[in-house]
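The exercises below concern a ligand site and the packing of a protein chain. Work through each task before reading its solution.

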Amino acid sequence: MTIVRSLAELRKARSELKGRLGFVPTMGYLHEGHLSLLKRAKESCDVSVVSIFVNPSQFGPGEDFEQYPRDEARDLALLASLNGGPDLVWFAQKDEMYPTDYQTWINLERKSQGLEGERRPGHFRGVATIVTKLFNSVQPQAAFFGLKDYQQYRVISRMVADLNMPIDIVGCPIIREDDGLAKSSRNVYLSPEERAASPVLFRALSAAKAAYEKGERQASVLVNLAKKLITSEPLFTLDYLECSDAETLQKLTTIDGPAVISLAAKIGKTRLLDNIVLGK
Ligand code: AMP
């Protein structure tokens, strides 16, 4: 596991890696969700690279950029625990990613609207831009993204197709705690009381999926069922809970193909995301 920081070091180390390269971009404070992406990369590629960079441009004003958990030693130990880790770990540096007078941004017209894009203006502009820069630097043949951030996965897939980037984008399943809470670096923000309340999100999504599997196809019925469960937990404030087409992310009235129910909810100071795919 070679560790690099500067672009010059990265380019040199990259030039020595041969074969199909699988890439896992992350913001660090790693957990089993991230490791599952690396596992897929290692299984399906000849060499693997993980990047760690808390990307300032995807955080809005008043969001948690400053507080976002960071622990390089912990991350390196976790990576190494997975079969020796990736071939290369890159701690990207802010002054190289966003040099003085930085001006170039990637914007998607539709996929980044609605859901997270609507609540976090500029978020996907930051995500699409940093991912493009990371791709340009690492030059992977495949990149692995968690379905935990479902809209992000769709945004990146669209961007790669639109810009003719020769990279396979692989969506990987959500890794959860035993009680159903989706693993997230932000779960460390939860107090014990908040942590105990959090599995209600997955319970609500699972109840909606069970109703779907029994034949319910009215999106509003599934959405209201899930909302009712979440609002029964007083610590949560629901930001949104919507049923969308799994590919276009257009809001659905009637479900007649693969769909996704996505939500964001606040508990205390923490904003949690989750989703469940229907019909796949
Ligand atoms: P982050 O470090 O939060 O930017 O996440 C880096 C990558 O890990 C993204 O592709 C996320 O979707 C993915 N990821 C985060 N949490 C999970 C999880 N619980 N299961 C699967 N993938 C995840």
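**Exercise 1. Which element gives the most residues to the shell around the ligand?**

Solution. In this predicted model, helix H2 gives the most to the ligand shell, with 3 residues. The shell as a whole consists of 17 residues, and the closest are Met27, His34, Asp149, Ile175 and Lys183. Sorted by class, the shell holds 8 nonpolar, 6 polar and 3 charged residues.

**Exercise 2. Find polar contacts of the ligand with Met27, Gly146 and Asp149, and state how much of the ligand the protein covers.**

Solution. Step one takes the backbone. A polar backbone atom of Met27 is 2.9 Å from an oxygen atom of the ligand. For Gly146, a polar backbone atom is likewise 2.9 Å from a ligand oxygen atom.

Step two takes the side chain. Asp149 places a polar side-chain atom 2.6 Å from an oxygen atom of the ligand.

Step three takes the cover. On its own the ligand has 490 Å² of accessible area, and the protein covers 92% of that. The elements that give two or more residues to the shell are strand S2 (21-26), helix H2 (32-44) and strand S5 (142-146).

**Exercise 3. Decide whether His34 is buried or exposed, and list its contacts.**

Solution. First, locate the residue: His34 is in helix H2. Next, apply the cut-off: a residue is buried under 20% relative accessible area. His34 counts as buried because its relative accessibility is 14%. Last, list the contacts: leaving out residues up to four places away in sequence, His34 touches Val24, Thr26, Gly28, Tyr29 and Ser185.

**Exercise 4. Describe the largest nonpolar core: which members touch the most other members, and which elements supply it?**

Solution. Begin with the members. The largest nonpolar core has 42 residues, of which Trp90, Met97, Phe135, Ile156 and Ile169 touch the most other members.

Then assign elements. At least two residues of this core come from each of helix H1 (7-15), S2, strand S3 (47-52), strand S4 (88-91), helix H6 (123-138), S5 and helix H7 (150-162). H6 supplies the largest share, 8 residues.

Now take one member in detail. With residues up to four places away in sequence not counted, Met97 touches Leu7, Phe53, Trp90, Ala92, Tyr102, Ile130, Lys133 and Leu134.

Finally, look beyond this core. Another core, of 28 residues, lies apart from it; Leu190, Ala204, Ile255 and Leu278 are among its members.

Definitions and conventions:
Residues are numbered from 1 along each chain as its sequence is written. This is a predicted model: local features need pLDDT of at least 70, side-chain atom pairs count only at pLDDT 80 or more; totals for chains, interfaces and linings use all residues. Side-chain values use heavy atoms; hydrogens and water are left out. A residue is near a molecule or strand if one of its heavy atoms lies within 4 Å of it. A polar contact is a pair of N or O atoms within 3.5 Å; within protein, one must be able to donate a hydrogen and the other to accept it, and residues adjacent in sequence count only if both atoms are side-chain atoms. Accessible areas come from the Shrake-Rupley method with a 1.4 Å probe; for residues, only the protein chains shown count as cover. Helices (H or I, at least four residues) and strands (E, at least two) are DSSP runs, numbered from the N terminus. Ala, Val, Leu, Ile, Met, Phe, Trp, Tyr, Cys and Pro count as nonpolar, Asp, Glu, Lys and Arg as charged, and the others, Gly among them, as polar. A nonpolar core is a set of buried Ala, Val, Leu, Ile, Met, Phe, Trp, Tyr and Cys residues joined through side-chain atoms within 4.5 Å. Buried means under 20% relative accessible area, exposed over 50%, partly exposed in between (1.4 Å probe, protein chains only). Contact means heavy atoms within 4.5 Å.
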